[in-house]
Amino acid sequence: MKAWYQRVGDGEKVVLLLREILGSGVLIEEGWLEKEMVDYWVVRLRLARPAMEVVVKLAGPRAEYGCPFERTAMWYRLVGRETEVVVPEVLAADEGYGEWPWRYLVMVALPGREWAVVRARVRGEMDERSWRRGYEALGRAVGQLHGIQFEGFGEVGREGKVVGGGRPWGEALRERVRLMLPNERLRDYYFSVLERYGDWLAGIETARLCHEDLHGYNILVAEGWRGWELAGIIDFDKAWAGHHEIDVARMDLWTDMTNEDFWRGYETVAAVGAGYERRRLLYQLLWCLEYGQETEKHLGDTARVCQALGVEVVRGFGGDLAAF
């Protein structure tokens with residue numbers, strides 16, 4: 001198998017980039033390519049000098065995603081400053097394609113392992129009890145994220161301000177849907193559901209930080225002497241100023257992401273409003289349409305949400321083949 005630097009576009013320049021950021025004495029001991037897509041790479045590097053591990057995200061002009069690395073860096077710094085949530089320390093971020101062939105984000109790597117990977121291996125009553133601290137800590141951490149407020153709903157720029165000063169929740173949600181659902185048929189379907197249940201969103205006035213991607217691979221845990229503990233939260237690329245219930249609604253969709261311990265931790269610092277049980281179905285449906293994987297599990301999750309809403313069941317997501 002090719003080494004990581006042979007698979008990354010102009011990979012040898014990564015060493016030069018790190019030397020610019022950390023000094024000319026940088027020495028890489030080992031490296032792994034953690035993710036590779038068209039013109040996009042995530043590399044984890046263990047440095048012998050200085051002694052540390054870093055994560056380097058690179059995106060060229062043909063990358064599928066927008067990769068707003070400077071905005072992501074802003075989120076990490078904001079969360080690190082305003083909460084106790086552990087997030088990566090940003091070393092550098094740039095989207096300007098100056099002397100480098102890619103946009104980049106360089107961070108200190110967090111210790112720990114992905115929640116979804118570790119949680120899948122837990123078996124037995126003793127193991128379940130060992131997770132209680134982890135769930136409660138996760139609830140507190142998500143609640144602290146939701147404690148960060150904005151002047152209005154909408155996308156947040158790299159300076160930490162809502163673009164255009166914000167708008168009412170219903171308008172901001174519709175604009176977000178347009179960004180998230182490129183499939184016109186699925187988008188129109190979701191708008192029809194919003195039209196039917198729009199009154200469920202009445203009275204939502206406070207915009208808060210929404211991570212928008214709190215799944216089990218963006219939450220890190222580590223085993224301590226009293227059980228599994230939260231090690232950090234990563235990947236704020238999709239974060240915005242939204243209705244905070246979107247995050248917990250999606251987590252509620254997965255049986256291994258929330259439980260009574262999670263909610264006990266969450267409610268020490270934040271809360272959902274009256275009517276959450278209804279609104280979460282709207283937010284879960286949006287996730288189902290956005291993710292759009294035609295696996296048995298995801299189609300089953302989507303069908304259950306549609307049935308709970310009393311709307312036509314989505315049976316496919318691809319292109320013009322979106323089926324109902």
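What follows is a walk through the overall build of the chain, two of its sheets and a few backbone oddities.

The model is a predicted one. Its protein chain carries 12 helices and 11 strands. With a radius of gyration of 21 Å, close to the 20 Å that the globule rule gives for 324 residues, the protein chain is as compact as a globular protein of that length. Taken along the principal axes, the box filled by the C-alpha atoms comes to roughly 60 × 45 × 40 Å. Burial takes in 52% of the 324 residues. As for who touches whom, take the contacts with a separation of 6 or more: 65% of them are between residues 24 or more positions apart.

On the outside, the protein chain offers about 15700 Å² of accessible surface, and carbon and sulfur atoms supply 47% of that. The charge count runs to 42 positive and 52 negative side chains. The centres of these two sets of charges sit 1 Å apart.

Now for the sheets. One of them is open and three-stranded, with antiparallel pairing and the strand order 6-9-10. Strand 6 and strand 10 take the edge positions and have a single partner strand each, so one side of each is left without a neighbour in the sheet. Strand 6 is residues 113–114, and its antiparallel pairing with strand 9, residues 219–224, rests on two bridges. In that pairing R113 faces V221 of strand 9, while E114 is set opposite L220. On the strand 10 side, L220 has G232 as its bridge partner. L220 can thus be followed across the sheet, from E114 in one pairing to G232 in the other.

Strand 9 and strand 10 (residues 227–233) run antiparallel and are joined by six bridges. Just two residues separate these strands, and together they make a hairpin.

Another open sheet is also built from three strands with antiparallel pairing, this time in the order 7-8-11. Its edges are strand 7 (149–150) and strand 11 (240–242), each of which pairs on one side only. Strand 7 is held to strand 8, residues 207–210, by two bridges in the antiparallel sense. Within strand 8, R208 is the residue that stands opposite Q149.

A few spots in the backbone deserve a look of their own. Most residues other than glycine have a negative phi, and most peptide bonds are trans. Against that background, the peptide bond between R49 and P50 is cis, with omega at about -10°. P50 belongs to the loop that links strand 2 (40–49) with strand 3 (52–59).

Two non-glycine residues have a positive phi. C67 comes in at about 50°, and D235 at about 60°. C67 is part of the loop between strand 3 and helix 3 (69–82). At 6% relative accessibility, C67 falls under the 20% cut-off and therefore counts as buried. D235, for its part, is in the loop running between strand 10 and strand 11. The relative accessible area of D235 is 21%, which makes this residue partly exposed. The loop holding D235 also ties the two sheets together along the chain, since strand 10 and strand 11 flank it: strand 10 is an edge of the 6-9-10 sheet, and strand 11 is an edge of the 7-8-11 sheet.

Note on methods: Residues numbered from 1 in each chain as written. Predicted model: local features only at pLDDT ≥ 70, side-chain atom pairs only at ≥ 80, totals over all residues. Heavy atoms only, no water. Pairing = 2+ DSSP bridges. Helix = DSSP H or I, 4+ residues; strand = E, 2+ residues; numbered from the N terminus. Rg over C-alpha atoms; globule rule 2.2 N^0.38 Å. Buried < 20%, exposed > 50% of the residue type's maximum accessible area, 1.4 Å probe, protein only. Contact = heavy atoms within 4.5 Å. Areas by Shrake-Rupley, 256 points an atom, 1.4 Å probe, with all protein chains shown as cover. Lys, Arg positive; Asp, Glu negative; His and termini not counted. Charge placed at Lys NZ, Arg CZ, Asp CG, Glu CD.
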